[in-house]
Amino acid sequence: SSYCGVYTISSESSSASDCSELSSVGFDSTTGLCPVCKKFLAVASVKIGETTTYYKTLNEAVTKAGEGTETAPATLTLLADIDLGSGYQEIKSGVFTLDLNGFKLAGTNSGYGVLYIRGSKTNITITDGSAEQAGTITGESYGVYASSSTVIISDGTISGTEYGVYADDSTVTISGGTITGTGRYLKDYLK
């Protein structure tokens, strides 16, 4: 049997009492917990309708949230700080809310920023449902790069060394939050 993503119970160690005695793989996507040690391992959850599923990677959560539609939108909630390093998270489909939930999403990709949101049927709302309103998206060049998509920003802090939000042939609505960049907070290229 496999467990937490950190530990696996093998046939020879099936009598182990905790994960420190075990070796690697799996976790319970309905709780976000290791079934053996009960350690919380999820970095994000996605709720569509009444079903919430937990994920160990942001990419897996974005893929699931991409199934959200106008009539059944999804909510992707961060459950941990995430550093994408020199990578970026592409969002190319779906109607969903990204709730920063007080956590930090960061990266150093200079081409597409931290979140690269693209596609005419992609409609993303960025918010921060935490009481502290401490959720951030911080990128090297851009925090959010929107290309031919719809982005609504209602809460959170989005920053980049050049632009907080870079909009290329996109509809970007800002109703709250803080957006900063050393160049300008928003770069907008329209057709």
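Colleague: What classes of residue make up the lining of the largest cavity?
Modeller: In this predicted model, that lining has 8 nonpolar residues, 1 polar one and no charged ones.

Colleague: Which residues are they?
Modeller: The largest cavity is lined by L58, V62, L76, Q89, I91, F96, L98, L105 and L115. The elements that give two or more residues to the lining are α1, β5 (89–91) and β6 (95–99).

Colleague: How much space lies in there?
Modeller: About 30 Å³.

Colleague: And how many cavities of 30 Å³ or more does the structure hold?
Modeller: Just 1.

Colleague: Let's go to α1, then. Which of its residues are buried?
Modeller: Helix α1 covers residues 58–65, and L58, A61, V62 and A65 are buried there. Those four cover an arc of only 100 degrees around the axis, so they end up on the same side of α1. L58 and V62 also turn up in the cavity lining.

Colleague: Switching to sheets. What's the strand order in the one with 7 strands?
Modeller: That one is an open sheet, ordered β2-β1-β3-β6-β9-β12-β15, and its pairing is mixed.

Colleague: Which strands stand at the edges?
Modeller: β2 (51–55) and β15 (171–174). Each has a single partner strand, so one side of each is left without a neighbour in the sheet.

Colleague: By how many degrees are neighbouring strands turned against each other?
Modeller: On average 15 degrees in this sheet, with direction ignored.

Colleague: What about β3, is it mostly buried or exposed?
Modeller: Buried: 4 of the 5 residues of β3 are, so the strand is largely enclosed by the rest of the structure.

Colleague: How does β1 run against β3, parallel or antiparallel?
Modeller: Antiparallel, with 5 bridges joining β1 (residues 44–48) to β3 (residues 74–78). If you want to trace it on screen, I48 has A74 as its bridge partner, and A44 stands opposite L78.

Colleague: And in what sense do β3 and β6 pair?
Modeller: Those two pair in the parallel sense, over 4 bridges. One spot to look at is T75, whose bridge partner in β6 is T97.

Colleague: What's the order of the sheet formed by 5 strands?
Modeller: β4-β7-β10-β13-β16, an open sheet with parallel pairing. The edge strands there are β4 (82–83) and β16 (178–181), and each of them pairs on one side only.

Colleague: How many bridges join β13 to β16?
Modeller: There are 4, between β13 (residues 157–160) and β16, and the two strands run parallel. T157 stands opposite T178 in β16.

Colleague: New topic, backbone angles. What's phi at N101?
Modeller: About 55 degrees, so a positive value although N101 is not a glycine. Most residues other than glycine have a negative phi.

Colleague: Where is N101 found?
Modeller: In the loop between β6 and β7 (104–106). N101 is partly exposed, with a relative accessible area of 25%.

Colleague: And S148, what's phi there?
Modeller: Near 50 degrees, again positive in a residue other than glycine. S148 lies in the loop between β11 (142–147) and β12 (150–153).

Colleague: What relative accessible area does S148 have?
Modeller: S148 comes out at 31%, which makes it partly exposed.

Methods: Residues are numbered from 1 along each chain as its sequence is written. This is a predicted model: local features need pLDDT of at least 70, side-chain atom pairs count only at pLDDT 80 or more; totals for chains, interfaces and linings use all residues. Side-chain values use heavy atoms; hydrogens and water are left out. Buried means under 20% relative accessible area, exposed over 50%, partly exposed in between (1.4 Å probe, protein chains only). The arc is that of the directions from the helix axis to the C-beta atoms. On a 1 Å grid over the protein atoms alone, a cavity is a set of points where a 1.4 Å probe fits but cannot get out, and a pocket is an open set with protein on both sides within 12 Å along at least five of seven lines; lining residues have an atom within 4 Å of a point. Grid points are joined across faces, edges and corners, and a volume is the space filled by probe spheres set on the points. Ala, Val, Leu, Ile, Met, Phe, Trp, Tyr, Cys and Pro count as nonpolar, Asp, Glu, Lys and Arg as charged, and the others, Gly among them, as polar. Two strands pair if DSSP finds at least two bridges between them. Axes are lines fitted to C-alpha atoms, for helices over the stretch in contact, and angles run from 0 to 180 degrees between N-to-C directions.
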